[in-house]
Amino acid sequence: VYLDAGEPFPLPDASIDYVFSEHLFEHLGYSQAVNMLKECHRGLKSHGVIRIATPNLQFLLDLYQNPERTINKRYIEWSANGGGGGSKLPNSSVYVINKFHTEWGHQIIYDAETLKTLLINYGFDEICLCEIGESKHEGLRNVEGHQYCMPPEFCALETMVLEARKSE
C-alpha cells in the first residue's frame, strides 16, 4: 500500500504488522516525518515493526573527510559523472555532497543517533541498525530495491537501515 507520509493514513488503528520505507524519509520535512512516525505507530499492531532505509549523514561526512579512500573516490567519480541522475559536476566531494542534497530533493539527512531518538520520541523501542536485506523479521528481509537503480556497493555505502518495534 502506498501512502502520503504527510497525511493521515487511511488505515485502521493497530491493523498492520510491518511498515517499510525506502529512501523516502529523507525527502520529508520535519513535520511530515513526525506525521509519518505517528501514523505508523498508530497503524502498527502491538509489537509491529517499522523499517526505514535512508541515507546516512555519516556517509557524507566520511565522503568529505576521506575523499581519497578508494570507495569514496569511486563514488565521487560515479556521481560527478552523472551517476544517480542530475548534472555532471567537477570531480570533488564538495560538489557531490551538494548534488546529493539538492538535486535529489532531500530535506533532512539523518545520522543513526538522531533517527533513533526520533523513533523513541514517537513510541518505538528495540531499535537496531540492520544491513540491507537483513532482518530478524522474515517479512522484512530482502525488501530493499534501491540497489537496483545504482551500483549495489554505493547503495550500501550511502544507506543505513533501522528497524524499531512499536512500544506498548
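The lining of the second largest pocket divides by class into eight nonpolar, three polar and three charged residues. This is a predicted model. The largest pocket, by contrast in class make-up, has a lining of 13 nonpolar, one polar and one charged residues. The points below cover both pockets, the contact between helices H3 and H4, and an aromatic pair formed by Trp78 and Phe154.

**Second largest pocket**

- The second largest pocket holds about 220 Å³ of space.
- Its lining is made up of 14 residues, and those closest to the pocket centre are Asn56, Ala156, Leu157, Thr159 and Met160.
- Four elements each give at least two residues to this lining: helix H2 (57-65), strand E3 (124-130), helix H6 (152-158) and strand E4 (159-166).

**Largest pocket**

- The space in the largest pocket comes to about 430 Å³.
- Lining the largest pocket are 15 residues, with Val1, Tyr2, Leu3, Val19 and Phe20 nearest its centre.
- Strand E1 (16-22) and helix H1 (30-43) are the elements that contribute two or more residues to the lining of the largest pocket.
- Strand E1 supplies six residues, the largest share of that lining.
- Of the residues lining the largest pocket, 13 are nonpolar, while one is polar and one is charged.

**Contact of helices H3 and H4**

- Helix H3 spans residues 70-80 and helix H4 spans residues 93-102; their axes come within 9 Å and cross at roughly 60°.
- The crossing of H3 with H4 is left-handed.
- On the H3 side the contact involves Tyr75, Ile76, Ser79 and Ala80, and on the H4 side it involves Ser93, Val96, Lys99 and Phe100.
- By class, the residues of this contact are five nonpolar, two polar and one charged.

**Aromatic pairs**

- Seven aromatic pairs are present in the structure.
- One of them joins Trp78 and Phe154 in a tilted arrangement, with 5.3 Å from centre to centre and 45° between the planes.
- Trp78 belongs to helix H3 and Phe154 to helix H6, so this pair ties together parts that lie 76 residues apart in sequence.
- Helix H3, which carries Trp78, is also the helix that meets H4 through Tyr75, Ile76, Ser79 and Ala80.
- Helix H6, which carries Phe154, is also among the elements that supply at least two residues to the lining of the second largest pocket.

Methods: Residues are numbered from 1 along each chain as its sequence is written. This is a predicted model: local features need pLDDT of at least 70, side-chain atom pairs count only at pLDDT 80 or more; totals for chains, interfaces and linings use all residues. Side-chain values use heavy atoms; hydrogens and water are left out. Axes are lines fitted to C-alpha atoms, for helices over the stretch in contact, and angles run from 0 to 180 degrees between N-to-C directions. A crossing is left-handed if the near helix is turned anticlockwise from the far one by less than a right angle, and right-handed if clockwise. Contact means heavy atoms within 4.5 Å. Ala, Val, Leu, Ile, Met, Phe, Trp, Tyr, Cys and Pro count as nonpolar, Asp, Glu, Lys and Arg as charged, and the others, Gly among them, as polar. On a 1 Å grid over the protein atoms alone, a cavity is a set of points where a 1.4 Å probe fits but cannot get out, and a pocket is an open set with protein on both sides within 12 Å along at least five of seven lines; lining residues have an atom within 4 Å of a point. Grid points are joined across faces, edges and corners, and a volume is the space filled by probe spheres set on the points. Rings of Phe, Tyr and Trp (its six-membered ring) pair if their centres lie within 6.5 Å; planes under 30 degrees apart count as stacked, over 60 as edge-to-face and the rest as tilted.
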